[in-house]
Amino acid sequence: MSDLDLITIGRSSVDLYGAQIGGRLEDMGSFDKYIGGSPTNIACGTARLGLKSAVITGVGDEHMGRFIVEQLQREGVNTDGVKSDPDRLTALVLLGIRDEEQFPLIFYRENCADMGLTVDDIDADFIKSARAIVATGTHLSHPQVEAATIKALEIARANGQQTALDIDYRPNLWGLAGHGDGESRFVESQAVTAKLQSTLHLFDLIVGTEEEFHIAGGSTDTIEALRAVRAVSKATLVCKRGAAGAVAFTGDVPDSLDEGEAGPGFPIEVFNVLGAGDGFMSGLLKGWLDDEDWPTALKYANACGAFAVSRHGCTPAYPSWDELQFFFDRGIKRADLRNDAELEQVHWATNRHGDWSSVKTFAFDHRLQLEEMDGYTLSKGAAFKELCLDAALKVQNGQPGFGILCDNRIGRSALHKASGTGLWIGRPTELPGSRPIEFEPELGEDFGRLREWVRENVVKLLVFCHPDDDEQTANTQIARVIRLFTAARRNGLEFLLEIIPSKVGPVDDTTSATLIQSFYDAGVYPDWWKLEPFKTEAAWRNAVDAIERNDPRTRGIVVLGLDAPEEELAASFALAAKQPLVKGFAVGRTIFGDAARAWLKGEMADVAAVAQMSERYTRLCEIWDKARADARLNVE
């Protein structure tokens, strides 16, 4: 058995996509940052479909290079073959969407890191660890990277592995078009044709558009070009035909493209053709490596291409395997897939990054409670929250499954220091104690300031609500939750909804479940729920059933503390831990309350405060872990 399903080899880049649609690249005011480059996109696209993928490429030993590596890892791609080059910068691409056919594009690839790959960077054992090697045409354009690519292919051929080529013709990257012609897809060149044809015998699968086969075959007549490729290669040839779908030829090329094997197409609205070919290739490779017949493999490919042309960006647009199956089962509800709310929810939920199967959270996002303590000033409050972070990091000690809740009003410095530490980070948005909900002014009237939030921050909203609320209060609160939830999604931020009905009115075993259903009915799908510690198994069962019935892909639940003493928390943890959907806790004052009161009055030193809080946090983590272990033991 191979360790990997496929290894792609070739270019990688940071893609800066113009956020404004329909204008010139000159007029773009902001950009969204993604990873890019065909081999990199394909590695991510296939990983999302469940294949074990890796990429051989080069990145700079700098911030953008680290971004590519970290993002690949978040996508589940093996990065053992990624070379960190101390002498070259990571490639950069600026792109825009003018309309469905025009996409202004500038490549910044002068002596870039992925063009620094050499034959010495190709490890034979790594190549042999995969079932298939996938090359792309750009890395045949320069002698040094061509030699590295050919070495990888020859190792694979000698070892009996499968090989594939995405022709991926960019005239600009072969030196045949100017810097301003990055979107050009075809320029005739006998030299490029000869170079490609000298390598085509190395492949079992060759994929390209009609124009790409024109360059590979040396003719602008597609059938003639395909036959020229067939003359030097026994590979299956897959020709992409845009809206007409794609066809596969396993033997002789017939007189008409319509005589090739085809899969079903998907009539959707074209929004952005950039990256569509890499999405198509990802779906095709999934079918090919799973030994599906060509109509099935082309069905996967066409669907993945359809997703790509309907969304912004390349890799972010590609579907997960669950999303693809959902799409096949349900069918097309609207042609503009990016505006299909049900489909976009599946896309979002199945492509979230990070394993948060456990979230033991130190909550020090409190504002009002801290401000009311003796000795409080804003500067002292900020310094204390940094001590809270120190305690959290001391307990975390580089391990997964720990988190914090921290605000930006008092805890800004701690919030910023927490970024990149591996902690799960929730950040509150509501004005403390407000009912109906009011928001922190820093968000802006239209929540426009969410665009300034670090992407790892989770938007947290506490709502004091109850099923017996009067109609005006209930409608006001739900409308405000919808606005914030929508803004969070628009900015790529996860959303945590906390509900506390016990502070509003009497509660029973159905109270929270009823509220949960009301938010789902309004179209709000939180990534996380933060719920009160219920006193009965029935209350937990009702709440969990309401969540799983509406959103089986939710991240889960964290149970809050409500300043309860440790003994009460232990009892509530024991009950909550019986529910697998509960991933952990979010407890604050039980951990920091005594330390805060003493420290703010000058009665406790920094070291002592950190020691006390880390000890209490550790103790709660131990209690939670025991409760979870006991629950699992009882199930078994």
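This passage describes the strands and helices of a predicted model.

A convenient place to start is the open sheet, which is built from 9 strands of mixed pairing. Their order is β5-β4-β1-β8-β9-β10-β11-β12-β13. At its edges lie β5 (82–85) and β13 (261–262), each of which pairs on one side only. Within the sheet, β1 (residues 4–9) runs parallel to β4 (residues 53–60), and 4 bridges connect the two. For readers following along in the structure, T8 has V55 of β4 as its bridge partner.

Two helices can be placed against this sheet. Helix α6 (residues 210–217) lies across β9 (162–166), β10 (205–209) and β11 (236–240), and its direction makes an angle of about 120 degrees with β10. Helix α8 (residues 276–289) lies across β1, β8 (130–136), β9, β10, β11 and β12 (246–249), running at about 160 degrees to β9.

A further set of pairings centres on strand β6 (residues 92–97). Of its 6 residues, 5 are buried, so β6 is largely enclosed by the rest of the structure. Strand β2 (residues 13–21) pairs with β6 in the parallel sense through 5 bridges, and L16 has L94 in β6 as its bridge partner. Strand β7 (residues 105–108), by contrast, is antiparallel to β6 and joined to it by 4 bridges; here L92 stands opposite Y108 of β7.

Turning to helix packing, the axes of α9 (residues 294–309) and α10 (residues 321–330) come within 11 Å and cross at roughly 100 degrees. The two helices are therefore roughly perpendicular to each other. The contact involves K299, Y300, A303, C304 and F307 on the α9 side, which meet W321, E323, L324, F327 and F328 of α10.

Helix α17 (residues 537–550) makes a nice closing example. Its 14 residues reach 20 Å from the first C-alpha to the last, close to the 20 Å expected at 1.5 Å a residue. Buried in this helix are A539, W540, A543, V544, A546 and I547. Viewed down the axis of α17, these buried residues fall within an arc of 155 degrees, so they line one face of the helix. The spacing fits a familiar rule: an α-helix has 3.6 residues a turn, so residues three or four places apart point the same way. The cover over the buried residues of α17 includes the helices α16 (511–521) and α18 (566–576), together with the strands β19 (528–531), β20 (556–560) and β21 (582–587).

Conventions
Residues are numbered from 1 along each chain as its sequence is written. This is a predicted model: local features need pLDDT of at least 70, side-chain atom pairs count only at pLDDT 80 or more; totals for chains, interfaces and linings use all residues. Side-chain values use heavy atoms; hydrogens and water are left out. Two strands pair if DSSP finds at least two bridges between them. Contact means heavy atoms within 4.5 Å. Axes are lines fitted to C-alpha atoms, for helices over the stretch in contact, and angles run from 0 to 180 degrees between N-to-C directions. The expected span of a helix is 1.5 Å times one less than its number of residues. Buried means under 20% relative accessible area, exposed over 50%, partly exposed in between (1.4 Å probe, protein chains only). The arc is that of the directions from the helix axis to the C-beta atoms. Angles under 35 degrees count as roughly parallel, over 145 as roughly antiparallel, 65 to 115 as roughly perpendicular and the rest as oblique.
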